[in-house]
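Reader: I'm just getting started with protein structures, and I'd love a close look at one part of this one. Could you pick a strand and walk me through what sits around it?

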Amino acid sequence: MSPSQGTSEIMRSWARYLIFFQYIGTKYSGAVKVPPHQLCKKGVQDHLEDAIRALKPINQVSLSVSSRTDTGVHALCNSAHFDLQRRNDMPPFSENVFVDALNFYLKSEQIRVNRAHRVPDHFHARYCAQSRTYVYRIALRTSHRSLLPLTESNLCWTLPNAEIPFWELTFTSKSFLYKQVRRMAGALVGVGQGRLSVPQLKEVLEARDSLAFPQALAAPAHGLFLTQVDYKETDLQHSPQTSEESSSGNSED
């Protein structure tokens with residue numbers, strides 16, 4: 001077998017995938033992988049990589065997660081890309097089969113893969129994202145979390161003595177700073193409760209410095225959901241011909 005034939009065989013069994021997944025973040029140490037010395041909670045990425053490894057790929061799979069949600073934050077839609085090469089020159093998994101297989105190995109976790117896409121070799125889940133949307137959920141007129149329905153008790157911030165049962169604050173941007181959404185949600189609540197005046201809020205915004213924000217006002221993690229990561233359709237379109245040309249060394253640098 002010639003070198004070019006060998007490369008062609010490898011490319012037929014190799015693929016880059018983009019997956020969209022959801023999770024309840026309560027029991028996880030955020031979205032991304034936990035360092036080996038940290039033995040408490042695993043990250044969502046750890047469990048996803050374990051599920052992919054159960055499919056016995058040749059390569060060492062490592063996910064690139066688009067949005068690094070904090071400990072306790074939830075997601076209805078996060079995303080990540082990775083490369084996978086199957087054994088014995090088997091063709092790449094179809095997208096539906098791949099989703100079903102991953103969810104089989106994730107069934108004991110509060111993590112589910114929604115869908116998968118075969119994407120171009122140069123695609124990057126983080127840098128190709130056009131926007132991210134977060135929703136912060138607040139339950140009002142609730143004196144204690146135990147009074148909420150069981151399905152809501154760890155999925156919203158409970159605040160007493162208000163007149164509207166639920167608020168949902170939606171934030172959309174190409175990217176966010178560390179804890180930015182929780183700080184913005186907390187600031188709005190702080191103004192409503194009289195703990196932060198409008199002039200003080202204006203000063204914090206104009207400072208453009210995270211250290212200027214009153215740390216005690218940041219909203220807790222358990223009310224925050226990543227709900228959407230958007231990409232251009234053209235960035236998601238995989239062309240087998242393009243992959244083969246790239247692997248044969250005919251592409252321009």
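Author: Let's follow strand 3 and its surroundings, with a quick look at the whole chain before we zoom in.

Keep in mind that this is a predicted model. The protein chain has six helices and eight strands. Read from the N terminus, they come in the order α-β-α-β-β-α-β-β-β-β-α-α-β-α. Of the chain's 253 residues, 44% count as buried. Its exposed surface is about 14200 Å², and 52% of that comes from carbon and sulfur atoms. Now take the contacts with a separation of 6 or more: 71% of them link residues 24 or more positions apart. Strand 3 shows that sort of long-distance link nicely.

Strand 3 covers residues 74-85. How many of its twelve residues are buried? Ten of them are, so you can think of strand 3 as mostly covered, given that buried means under 20% relative accessible area.

What does strand 3 pair with? One partner is strand 1 (14-23), which runs antiparallel to strand 3 and is joined to it by nine bridges. To spot this pairing on screen, find A15, which stands opposite L84 in strand 3. Strand 2 (64-65) also runs antiparallel to strand 3, with two bridges between them. Here the pair to look for is V65, opposite A80 in strand 3. Then there is strand 8, residues 224-230, which pairs with strand 3 in the parallel sense over two bridges. In that pairing, A75 stands opposite L226 in strand 8.

Now slide into the loop between strand 2 and strand 3, where S66 lies. Is S66 buried or exposed? S66 is buried, because its relative accessibility is 4% and buried means under 20%. Leaving out its neighbours within four places in sequence, S66 touches N78, S79, A80, A125, R126, R132, V229 and Y231. With N78, the side chain of S66 makes a polar contact, side chain to side chain, at 3.1 Å. R132 is a good example of a link across the sequence: S66 and R132 are 66 residues apart along the chain, yet their C-alpha atoms are 9.2 Å apart in space.

Next, the greasy part. In soluble globular proteins, nonpolar side chains tend to be buried together. The largest nonpolar core here has 56 residues, and the ones touching the most other members are I19, F21, L48, F82, F98, Y136 and Y231. Strand 1 gives the most to this core, with seven residues. Apart from it lies another core, of six residues, including A187, L196, L201 and F213.

F21 is worth a closer look. Beyond its neighbours within four places in sequence, F21 is in contact with V44, L48, V65, L76, C77, N78, S79, A80, R112, V113 and N114. One of those contacts, C77, is a cysteine you might wonder about. C77 is buried, because its relative accessibility is 9%, under the 20% limit. C156 counts as buried too, because its relative accessibility is 0%. As for disulfides, the structure holds zero.

Helices join in as well. Helix 3 (95-105) has F98, V99, A101, L102 and N103 among its residues, and these five are buried. The buried residues of helix 3 pack against strand 1, helix 2, strand 3 and strand 4 (111-119). So what about helix 2? H47 sits in helix 2, and H47 counts as buried because its relative accessibility is 14%, under 20%. Setting aside neighbours within four places in sequence, H47 is in contact with Y28, K42, L106, E109 and I111.

Finally, look at two loops. Most residues other than glycine have a negative phi. N88, in the loop between strand 3 and helix 3, has a positive phi of about 55° although it is not a glycine. N88 counts as exposed because its relative accessibility is 71%, and exposed means over 50%. K56 lies in the loop between helix 2 and strand 2, and its phi is also positive, near 60°. K56 is exposed, because its relative accessible area is 57%, over the 50% limit.

How values were computed
Residues numbered from 1 in each chain as written. Predicted model: local features only at pLDDT ≥ 70, side-chain atom pairs only at ≥ 80, totals over all residues. Heavy atoms only, no water. Helix = DSSP H or I, 4+ residues; strand = E, 2+ residues; numbered from the N terminus. Buried < 20%, exposed > 50% of the residue type's maximum accessible area, 1.4 Å probe, protein only. Contact = heavy atoms within 4.5 Å. Areas by Shrake-Rupley, 256 points an atom, 1.4 Å probe, with all protein chains shown as cover. Core = buried A, V, L, I, M, F, W, Y, C linked by side-chain atoms within 4.5 Å. Polar contact = N/O pair within 3.5 Å; in protein donor to acceptor, adjacent residues only side chain to side chain. Disulfide = S-S within 2.5 Å. Pairing = 2+ DSSP bridges.
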